[in-house]
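Work through these three exercises on a predicted model. Try each task before reading its solution.

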Amino acid sequence: MTTVRLGTGIGWRPEIADAVEAMPGVDWVEVVAENVCPGHLPASLLRLRERGATVVPHGVSLGLGGAGRPDERRLTALAERAAALGSPLVTEHIAFVRAGGPLTASPGIEAGHLLPVPRTRDALDVLCENVRIAQDALPVPLAVENIAALFSWPGEEMTEGQFLYELADRTGVRLLIDVANLHTNHVNRGEDPAEALAALPLEAVAYVHVAGGFERDGVWHDSHAHPVPRPVLDILTDLASRVSPPGVLLERDEDFPPTAELERELDAIRGAVEAGDRVRGDAAPERVREPAAAGPVAGATRERLALAQTAVLSSLVAGTPVPEGFDRTRMRVQARALAAKRADVVAKVAPELPEILGDGYRPAFLAYAQTRPMTGGYRHDAMAFVEHLLRPGRLDDPRTRRALREWHRDRSGPRPRSHRPTTRLARATRRALLRR
């Protein structure tokens with residue numbers, strides 16, 4: 001498989017689209033696959049493509065590490081985005097994002113976040129088969145990313161480096177190595193980044209992610225909203241001292257700083273790679289070996305994994321007991337983080353709800369999320385939250401109840417909500433009057 005040389009890139013987000021277009025030295029961008037529509041690509045991405053910049057779609061919802069087989073519709077959507085963007089590869093995560101369903105004879109539940117798979121033989125067998133299914137469905141090569149985690153699974157049989165090595169060896173999949181996630185797992189799980197890098201098949205590296213975060217109470221949070229810290233740049237230098245990374249990309253998802261600060265971070269990333277280059281010399285990595293043939297995964301293997309993942313996810317999002325062997329403190333931290341993320345994303349996809357509820361929005365949503373797992377996307381979650389609030393005895397203020405009922409009716413009725421400016425203005429005025 002030919003390695004695509006990407007260079008230095010940055011994650012494309014609508015909030016910084018103009019800045020990214022104007023930045024010198026940006027060779028490529030990565031876009032969250034689920035946030036673009038093939039038939040209506042943002043003009044900024046089209047201009048970047050026209051000037052020769054590579055655009056890579058980065059999926060977040062496939063759940064290749066889940067017990068079930070990859071959803072055909074999600075694979076088709078990812079393939080369509082790769083074709084529309086003219087991308088040389090697509091990327092996803094080594095994670096599970098949902099559980100329950102037919103394998104457990106229980107309702108399906110969504111995490112709304114990337115959660116770690118256990119590093120066991122069962123989980124590896126399922127992951128390898130799911131990766132092969134995805135590879136067969138996609139028109140371009142697939143690379144998969146190591147994720148950050150707040151908790152560890154008990155009874156793991158492999159280190160992260162061993163797990164990634166076997167995955168690449170058995171499937172031929174490329175690896176997207178996130179050095180910020182290696183740092184996160186060092187702080188949260190005591191795992192040595194150097195040992196993970198030493199175990200990797202570095203010839204399989206497609207590109208590298210770099211991002212910032214913060215530490216609170218001994219837990220590192222991979223926020224993508226803070227500057228890249230020195231330890232993450234040091235891990236990047238270590239990686240570059242072992243192999244020349246085909247591409248390196250800065251991720252930033254929110255709290256965007258001024259353009260000059262993003263450019264300084266890109267310069268620091270280039271400097272970290274150059275420092276590794278000086279140590280490495282000219283040694284070439286071994287060629288990626290062809291994947292070995294493999295038979296289908298036994299249904300019992302998927303069922304065992306499904307039961308384990310459902311128990312974990314249910315404890316995080318539905319208030320069921322934490323399974324035996326897990327660090328209960330870390331699981332509580334993860335549960336709070338998942339609920340907070342749900343609240344933040346619902347506030348973005350349905351910005352009228354914080355307007356209607358004011359300071360009461362966040363506590364009301366967090367209370368709702370404690371025992372009500374997400375069963376669909378975030379828009380479905382917003383609707384379910386409002387339906388919960390509209391039940392008898394939930395709201396004392398009749399004006400707030402009327403505003404929420406109108407909001408719900410606009411989005412669930414037989415006709416779509418009007419997008420005419422006069423109609424939007426009239427409805428906004430009614431909402432403002434209701435809040436007085």
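**Exercise 1. Find which element gives the largest share of the lining of the second largest pocket, then describe the pocket.**

Solution.
- Start with the share. Strand S5 supplies five residues of the lining, the largest share.
- Add the other contributors. Helix H3 (72-85), strand S6 (106-115) and helix H10 (299-317) each give at least two residues, as does S5 (96-101).
- Count the lining. It has 22 residues. Gly68, Arg69, Arg98, Gly100 and Pro102 lie nearest the centre of the pocket.
- Sort by character. Eight lining residues are nonpolar, eight are polar and six are charged.
- Finish with volume. The pocket holds about 520 Å³ of space.

**Exercise 2. Identify the salt-bridge partner of Glu110 and place both residues in the chain.**

Solution.
- Look for the partner. Glu110 pairs with Arg98 in a salt bridge.
- Check the distance. Their closest N and O atoms are 2.9 Å apart, and the cut-off is 4 Å.
- Place the pair. Glu110 sits in strand S6 and Arg98 in strand S5, twelve residues apart.
- Connect to Exercise 1. Arg98 is also among the residues nearest the centre of the second largest pocket.
- Set the context. The whole structure has 22 salt bridges.

**Exercise 3. Describe how helix H8 packs on helix H9.**

Solution.
- Take the geometry. H8 (residues 230-240) and H9 (residues 259-280) pack at about 35°, and their axes are 7 Å apart.
- Assign the hand. The crossing is right-handed.
- List the contacts. From H8 come Leu233, Leu236, Thr237 and Ala240. They meet H9 residues including Ala268, Ile269, Ala272 and Val273.
- Classify the contact residues. Eight are nonpolar, two polar and two charged.

Methods:
Residues numbered from 1 in each chain as written. Predicted model: local features only at pLDDT ≥ 70, side-chain atom pairs only at ≥ 80, totals over all residues. Heavy atoms only, no water. 1 Å grid on protein atoms, 1.4 Å probe; cavity = no way out; pocket = protein on both sides within 12 Å on 5 of 7 lines; lining within 4 Å. Points joined across faces, edges and corners; volume = space filled by probe spheres on them. Helix = DSSP H or I, 4+ residues; strand = E, 2+ residues; numbered from the N terminus. Nonpolar A, V, L, I, M, F, W, Y, C, P; charged D, E, K, R; others polar. Axes fitted to C-alpha atoms, helices over the stretch in contact; angles between N-to-C directions. Left-handed = near helix turned anticlockwise from the far one by under 90°. Contact = heavy atoms within 4.5 Å. Salt bridge = Lys/Arg side-chain N within 4 Å of Asp/Glu carboxyl O.
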